Amino acid sequence: MTTLNIVDYLLPVEECRIAADEWSLCRSNYSRIKELIPTTYVFTVSDGPLEWMKSYKEYPEFCATMGIWKNQLILIFYPMNEKGDRIDQREYPYCFLSELASDVKLQEVQEYTIVKNTILSKGLEKIEKNTDMAFPISNKPILEQDKAIEAIESWRESGMDWFYKECNESKGIGIFKRFYVPTADLCLLDEGLKEIKCSFGLKYNDVYGKMLVTLIFISFRENLQNAERAQMMSNTYDWAKPCPPICRIPGMDGEF
């Protein structure tokens with residue numbers, strides 16, 4: 001495994017706090033937000049942060065906190081226990097919001113099962129025959145590709161309008177400071193996981209009756225079964241909950 005310099009992807013806890021505070025103060029400044037967040041940029045969680053995060057893959061949830069570091073927007077990840085408390089460490093992994101270096105392929109694979117039934121009589125005569133198709137059932141929180149694309153495109157086209165509305169109507173109080181991310185969405189248990197692209201998305205929330213920002217995770221895996229075919233496989237995941245407004249964990253006001 002490649003050894004990375006700790007400063008390349010880990011930020012000391014005090015610097016995490018400073019970065020998060022700077023983002024919190026910036027939320028009422030639309031011009032500053034517009035400079036920091038081009039709506040075509042994404043976060044890339046590479047092998048260094050992923051290896052660190054895999055050590056906490058048994059915990060139910062991660063918190064992805066927004067911050068500003070070296071005049072750039074960053075996403076800081078820290079694991080939370082069953083009570084919603086942050087797992088204390090001296091430093092936490094982070095990644096910068098940056099322009100994509102190449103195109104991103106979203107791949108959605110659906111497997112179907114054909115069920116063929118034939119009934120034989122007691123005299124071994126065929127008396128009934130039918131074929132049914134069973135629709136796919138997944139035990140992972142896979143977001144349908146069309147919904148993911150719709151949310152990403154909505155963000156690209158209307159993200160700045162959303163920020164402008166929040167800044168003018170509530171001075172940025174309603175703008176997210178962090179996201180709660182189910183660990184399952186990060187695919188940390190998946191063999192061959194190499195990288196995660198993380199895009200903002202914009203979609204309507206029925207409970208709050210308005211558009212909310214979410215994070216959409218596109219996980220890339222090395223194709224271990226057929227390496228000479230495609231180098232990578234990707235799946236799309238979602239359901240990162242923004243805070244505000246979804247701030248269900250007590251005692252988070254002073255946290256980064």
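The legends below walk through several close-up views of a predicted model.

**View 1. Trp23 and Phe176 form a stacked aromatic pair.**
Let us start with the aromatic rings, where the count for this model comes to 16 aromatic pairs. In the pair shown here, the ring centres of Trp23 and Phe176 are 5.9 Å apart, with 25° between the planes. Trp23 belongs to helix α1, residues 13–26, while Phe176 sits in the loop between α4 (145–170) and β8 (178–182), so the pair ties together parts that are 153 residues apart in sequence. Trp23 is buried, with a relative accessible area of 0%. Phe176 is buried as well, at 1%.

**View 2. Phe176 also pairs with Phe163, this time in a tilted arrangement.**
Here the distance is 5.9 Å from centre to centre, and the angle between the planes is 55°. Phe163 is found in helix α4 and Phe176 in the loop between α4 and β8, so this pair ties together parts that are 13 residues apart in sequence. Are these two rings buried or exposed? Both Phe163 and Phe176 are buried.

**View 3. Eight names make up one aromatic cluster: Trp23, Phe43, Trp155, Trp162, Phe163, Phe176, Phe179 and Phe200.**
You have already met Trp23, Phe163 and Phe176, which are among the members of this cluster. Another member is Phe43, and you will see Phe43 again in View 4, where it stands opposite Leu97 in β5.

**View 4. Strand β2 pairs with β5 and with β9.**
Strand β2 covers residues 42–45, and strand β5 covers residues 91–98. Two bridges join β2 to β5, and these strands run antiparallel. Look for Phe43, which has Leu97 of β5 opposite it. Turning to β9, three bridges join this strand to β2, again in an antiparallel arrangement. Here Val45 is the residue to find, with Ile196 of β9 standing opposite.

**View 5. Arg86 lies over the face of Tyr78.**
This view brings together a side chain and a ring. How far is Arg86 from the ring centre of Tyr78? The distance is 5.6 Å.

**View 6. Thr183 is a buried residue in a loop.**
Thr183 has its place in the loop between β8 and β9, the latter spanning residues 193–205. With a relative accessibility of 6%, Thr183 counts as buried. Which residues does Thr183 touch, leaving aside those up to four places away in sequence? They are Lys57, Tyr59, Pro60, Glu61, Phe62 and Leu188.

**View 7. Cys243 and Cys247 form a disulfide.**
The count for this model comes to one disulfide, and the sulfur atoms of Cys243 and Cys247 are 1.9 Å apart. The torsion about their S-S bond is about 105°, so the disulfide is right-handed. The two partners can be told apart by their accessibility: Cys243 counts as buried at 2%, whereas Cys247 counts as partly exposed at 40%.

**View 8. Cys26 is in no disulfide, and the sulfur of Cys95 is too far from the closest cysteine sulfur for a bond.**
For Cys26, the nearest cysteine sulfur is that of Cys167, 8.1 Å away. Cys26 counts as buried, at 7% relative accessibility. For Cys95, the closest cysteine sulfur is in Cys198, at 6.9 Å. Cys95 likewise counts as buried, with a relative accessibility of 6%.

Definitions and conventions. Residues numbered from 1 in each chain as written. Predicted model: local features only at pLDDT ≥ 70, side-chain atom pairs only at ≥ 80, totals over all residues. Heavy atoms only, no water. Phe/Tyr/Trp six-rings, centres within 6.5 Å; stacked < 30°, edge-to-face > 60°. Buried < 20%, exposed > 50% of the residue type's maximum accessible area, 1.4 Å probe, protein only. Lys NZ or Arg CZ within 6 Å of the ring centre and 35° of its normal. Contact = heavy atoms within 4.5 Å. Pairing = 2+ DSSP bridges. Disulfide = S-S within 2.5 Å.
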